[in-house]
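Hi,

Here is the complex I promised to pass on. Have a look at it first, then read my notes below.

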Amino acid sequence: MNSETMLMMLIALPFAGACLAALFPPNARNAETWAAALVTLGAVVLSASLFPAVATGTPVRLNIEWLPTLGLSFSLRMDGFAWLFSMLVTCIGFLVVIYSRYYMSPDDAIPRFYAFFLAFMGAMLGIILSGNLILLVVFWELTSIISFMLIGYWYQKADARDGARMSLTITGVGGLGLLAGVLLIGHIVGSYDLDAVLDSGDLIRSHPLYVPAICLVLLGAFTKSAQFPFHFWLPNAMAAPTPVSAFLHSATMVKAGVFLMARLWPVLGGTYEWFWLTGFAGAASLLLGAYFAIFQRDIKGLLAYSTISHLGLITLLLSLGSPLGAVAAIFHMMNHATFKASLFMAAGIIDHESGTRDMQKLGGLFKLMPYTATLAMVASAAMAGVPLLNGFLSKEMFFAEAIETHADSILDTAAPYVAVIASAFAVTYSIRFIHAVFFGERPADLPREPHEPPFLMRLPIQLLVLACLVIGIIPAITVGSFLHIAVVSVLGADTPAYSLAVWHGLTVPLGMSVIALIGGALLYVLLRHYLAHCEEGPPYFRRLKGQRIFERVLVFVSWRFARLVEATLGTRRMQQQLRLLVAVSLVAAAIPFYNSNFGLGLFELGQIDIPFALLWVIGIACAVGAAHQAKFHRLVALILLGGAGVVTCITFVWLSAPDLAVTQLLVEIVTAVLILLGLRWLPKRWEDTELGRAPISTKLRRGRDLLVAAVAGLGMTLLSYAVMTRPSPDTISGFFLRKAYEEGGGRNVVNVILVDFRGFDTFGEITVLGIVALTVFALFRRFRPAPDTIESPEQQRIQAATDEERSDRITGQTVSDYLLVPSVIMQWLFPVIIVFAAYLFLRGHDLPGGGFAAGVAMSAAFILQYLAAGTVWVEDRLRILPVNWIGLGLLIAGCVGIGSWVFGYPFLTSYSQYIDLPVIGEIPAATAILFDLGVFSLVVGATVLMLIVFAHQSIRRLRAAKISTTTIEEVA
Amino acid sequence: MSIAAADFPLWAAILVALFLLIGSSLTFLGALGLLRFKSFYERIHLPTLGTSWGTGGILVASMIFFSVTQSRPVVHEILIAIFVTVTTPVSLMLLARAALYRDRTEGNDTVPPMAPDTPKPEPIVHD
């Protein structure tokens with residue numbers, strides 16, 4: 001297996017594992033853990049075995065074309081830095097999988113957990129291994145989304161939902177910023193390829209768009225790495241299950257931001273702007289994070305703020321622009337991941353065993369769980385920077401960098417003091433964690449009786465703590481070579497000489513460490529009693545909650561502002577909406593008219609065909625009549641509209657477009673019926689009273705609407721006139737006419753275009769039609785008619801009253817008598833229309849007709865049944881499953897398309913032939929006709945679904961009316 | 001599928017012309033009547049001329065014409081006949097009912113009032 005394949009597998013394996021994990025039964029905890037552990041172990045092995053290839057110094061690359069015209073490629077690239085990170089992600093991922101087996105309770109949805117967990121690992125590896133910046137952003141967004149799912153894993157808890165939403169909002173905004181930043185970089189460099197970008201550092205730094213680019217990229221990095229002022233989502237994300245916190249919020253996802261900063265550091269870093277942006281954010285996060293961490297009551301909250309602080313330290317190191325700072329940053333990323341992941345797992349054990357994470361309630365657990373306590377103590381010591389542990393090494397490097405002068409400014413002068421104070425705080429909160437949880441009095445009222453966890457739950461912590469110790473004592477032998485290739489791959493020729501020794505002699509950094517350790521310990525002694533009883537949150541800053549500000553902003557934007565805009569700019573009146581729509585389209589159409597010198601073109605009088613002109617006179621009369629009658633005589637208007645529609649159909653026939661005519665006719669029929677059904681819901685209007693009362697303003701408004709309508713109509717006329725009086729340009733229609741029979745095997749060119757030449761378009765269109773039908777269905781499901789139309793129509797009430805009044809009738813008899821003969825005839829028409837639809841469908845290949853026309857005709861048959869006998873009667877007797885029709889249609893169409901793959905042709909290739917049947921004769925048999933069957937089925941399903949929605953409105957109204965009358969009766 | 005006038009047999013031409021004439025003149029008469037009759041209830045009767053034998057004649061002509069020119073029986077005009085002859089009575093019936101209902105509600109005296117209330121007939125019991 002060559003290294004490119006291994007690279008591809010490394011990305012693909014977690015995603016494949018995620019798909020697999022999702023399929024397990026909910027209670028298969030052990031099987032699920034085995035599968036996930038094997039997948040993650042496989043990823044560890046794959047990463048590890050890539051080391052020899054990476055160690056040569058040239059990155060391993062894999063390039064698959066994606067959208068080459070846009071400069072996008074699926075390119076993976078693994079250098080030393082990426083290797084180190086992928087080892088970190090896969091190893092910690094593996095350990096967390098084992099840990100999760102014991103942490104998650106049997107009631108939790110285990111498949112969902114592992115599926116998202118593995119998918120997250122894949123996305124994270126994607127960020128690390130992307131060789132193309134756009135691809136990196138894609139994986140970046142993917143981590144945001146999956147992290148949302150994982151934080152909100154216990155979605156039944158409000159804080160999990162809120163935390164998930166907050167982290168998604170903030171990291172999502174950052175992701176958008178990153179995308180924009182990456183686009184700017186791509187614009188500057190001319191390529192999104194990471195190698196090309198890394199080679200053009202000088203070009204980017206001297207470009208006028210440099211500052212916007214780094215602002216946007218840093219927005220992405222800061223939000224992801226929870227840097228000040230975007231830090232507040234991380235403590236809220238602690239509502240996630242602890243394995244998720246251990247993996248995402250210590251080791252991996254929050255590291256993505258600093259990973260990106262380190263990755264692009266050689267290109268973007270080293271300038272004054274970079275120093276200020278990252279230096280300020282880093283210093284603020286370092287100091288505030290450490291300060292806030294001291295005053296947390298929740299163990300996980302303490303660890304979250306500590307993470308913010310440590311990530312701030314890394315950001316600060318990267319701001320300095322010195323290669324040694326970058327070395328320290330990379331080293332600290334590793335060290336932080338090891339001790340923080342183990343601490344989170346320890347916190348999870350404490351929570352799991354004692355039932356609480358509140359440090360004011362806990363205490364004296366050392367006697368009950370000595371192993372866990374010892375492990376947590378070592379990890380905390382690493383966090384505090386105690387010598388002989390890995391945290392000490394990178395912290396010393398940090399101190400050494402902090403006292404150097406890099407860019408002369410206040411921030412640079414303050415850096416050593418910030419560093420010492422923050423380290424002292426780190427010592428304080430580390431001691432607090434250990435002291436509050438493991439020492440002191442053993443409280444009596446713990447929710448559970450704590451004891452040591454199972455061995456395998458402790459094992460991951462043991463391994464990580466062992467790593468902390470080994471790296472801390474013999475750094476050069478253990479991680480020296482790995483760190484070196486990572487550093488070289490980032491810094492290249494600028495790699496400075498650095499030393500990983502534990503003892504550098506009596507230096508200033510050592511002195512700073514000692515001050516920090518002693519100062520931090522003293523601070524804890526002073527604060528001890530306050531911390532044992534204080535409120536949640538640090539003093540003075542308690543009221544200033546980022547979360548609260550964030551929620552305020554969200555409420556303003558998504559509620560108040562939105563309502564304000566809706567109140568001032570929105571309207572519920574159809575007239576205003578239509579007026580706006582027409583006016584906007586008028587302007588939009590008028591601009592090109594004006595710009596391109598509209599001319600009327602040639603028109604030769606004397607070609608008028610008298611019967612055709614008369615036909616159009618009738619059509620125009622109908623249309624004008626419909627407009628005139630629309631307000632007070634809606635039924636008349638509808639009938640006149642039908643007349644105009646028929647004239648249009650005849651026009652199509654006249655101009656030799658029978659296909660259009662057939663379709664138009666059927667569409668006219670169905671539209672007329674739909675409007676007819678809708679008429680019942682419109683409020684009744686009386687001509688006389690309304691005209692008599694109309695004030696001037698109303699008349700003015702009507703006049704304006706008339707003007708708008710007239711101008712729009714005139715514009716449409718001019719537009720059609722201009723188009724029709726010009727010779728038609730040479731289009732591809734000639735090609736279709738020539739090729740339809742020889743290549744598509746059909747004489748009906750329109751149909752052949754629809755199902756063969758443009759089959760893929762049609763496939764898309766029917767999909768959209770299905771979606772539209774489902775949307776209409778969904779919208780109407782909750783729809784209730786307006787209160788003034790909820791009552792039965794007047795006619796029904798009068799009929800009912802007559803029926804009640806007369807002794808020779810029973811209620812409802814009038815309607816059923818009236819409709820008896822018509823409804824019987826309409827029911828008889830059902831089979832006739834089916835025959836008609838079949839006829840339209842079968843002839844479609846060579847003559848006007850086809851799946852669409854047949855589908856519309858077929859749905860007319862259903863409409864008629866609903867009209868004839870009423871919804872209840874029809875549905876008692878006829879099982880109509882329109883959604884199945886839609887699904888079946890899509891399935892048939894898709895399968896026919898895929899079928900051509902079997903024979904080695906592209907999607908939707910049609911095969912046609914004529915079959916000679918006895919009696920019936922020669923009939924066309926193209927695969928396109930099967931595709932057309934799919935179209936037919938979908939059109940039937942979609943149309944019928946929408947009709948049923950309308951039909952059910954009437955039942956709904958009846959039911960509502962029944963309820964109101966029964967309540968009235970009860971009251972009476 | 002054009003066909004020269006000379007190839008078309010004379011007997012068929014006469015038949016086609018005859019049926020076409022019958023159909024179109026009946027339809028025309030119906031339309032004329034629709035224009036001339038005054039009340040709605042009178043007018044209701046006229047379109048039936050066009051939709052019964054008017055359509056029928058034209059369709060028979062069409063069937064003969066296409067059967068002769070294509071030398072095979074072309075009969076799908078029957079569907080049109082069914083649709084037209086079956087649906088027109090339905091719409092006319094509904095229209096008449098609606099008009100009657102409306103006239104009665106508005107109290108117009110052009111229509112006879114409802115039949116007097118008669119007690120319910122005793123249910124017939126079969127032994």
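A quick word on confidence before the details: pLDDT is the predictor's confidence in each residue, on a scale from 0 to 100. You'll want that in mind, as this is a predicted model. Within chain B, helix H1 (residues 10–36) of chain B has the highest mean pLDDT of the elements, 91, while helix H4 (residues 77–106) of chain B has the lowest, 84. Chain B as a whole averages 82, and 87% of its residues score at least 70. For the complex, the predictor reports an ipTM of 0.79 and a pTM of 0.68.

Now to chain A, where I looked at two helices. Helix H13 (residues 253–268) of chain A is 16 residues long, and from first C-alpha to last it reaches 22 Å, close to the 22 Å expected at 1.5 Å a residue. There is a kink in H13(A), though: about 30° at A:Ala262, shortly before the proline A:Pro266. H13(A) is also mostly covered, with 15 of its 16 residues buried. Just after H13(A) comes A:Gly270, with a positive phi of about 85°.

Then there is helix H14 (residues 272–294) of chain A. With 23 residues at 1.5 Å each, H14(A) should span 33 Å, and its end C-alpha atoms are indeed 33 Å apart, so the two agree. Buried or exposed, how does H14(A) sit in the structure? Of its 23 residues, 17 are buried, so H14(A) is largely enclosed by the rest of the structure.

Back in chain B, have a look at B:Pro112, in the segment after H4 of chain B. B:Pro112 has 9 other C-beta atoms within 10 Å; the cut-off for exposed is 12 or fewer, so B:Pro112 counts as exposed. Its C-alpha is separated by 9.3 Å from that of B:Leu100, and the two residues are 12 apart along the chain.

Last, the interface. How many residues of each chain are in contact with the other? The count is 15 residues of chain A with 15 residues of chain B. On the chain A side, helix H34 (794–805) and helix H35 (813–843) of chain A each supply at least two residues. H35(A) gives the largest share of that side, 10 residues. By class, the side of chain A that touches chain B has 11 nonpolar, two polar and two charged residues.

Cheers

Conventions. Residues numbered from 1 in each chain as written. Chains lettered and ligands numbered in written order. Predicted model: local features only at pLDDT ≥ 70, side-chain atom pairs only at ≥ 80, totals over all residues. Helix = DSSP H or I, 4+ residues; strand = E, 2+ residues; numbered from the N terminus. Expected span 1.5 Å × (residues − 1). Buried ≥ 20, exposed ≤ 12 C-beta atoms within 10 Å, placed from the backbone. Bend = angle between axes of the 7 residues up to and from the residue. Contact = placed C-beta atoms within 7 Å. Nonpolar A, V, L, I, M, F, W, Y, C, P; charged D, E, K, R; others polar.
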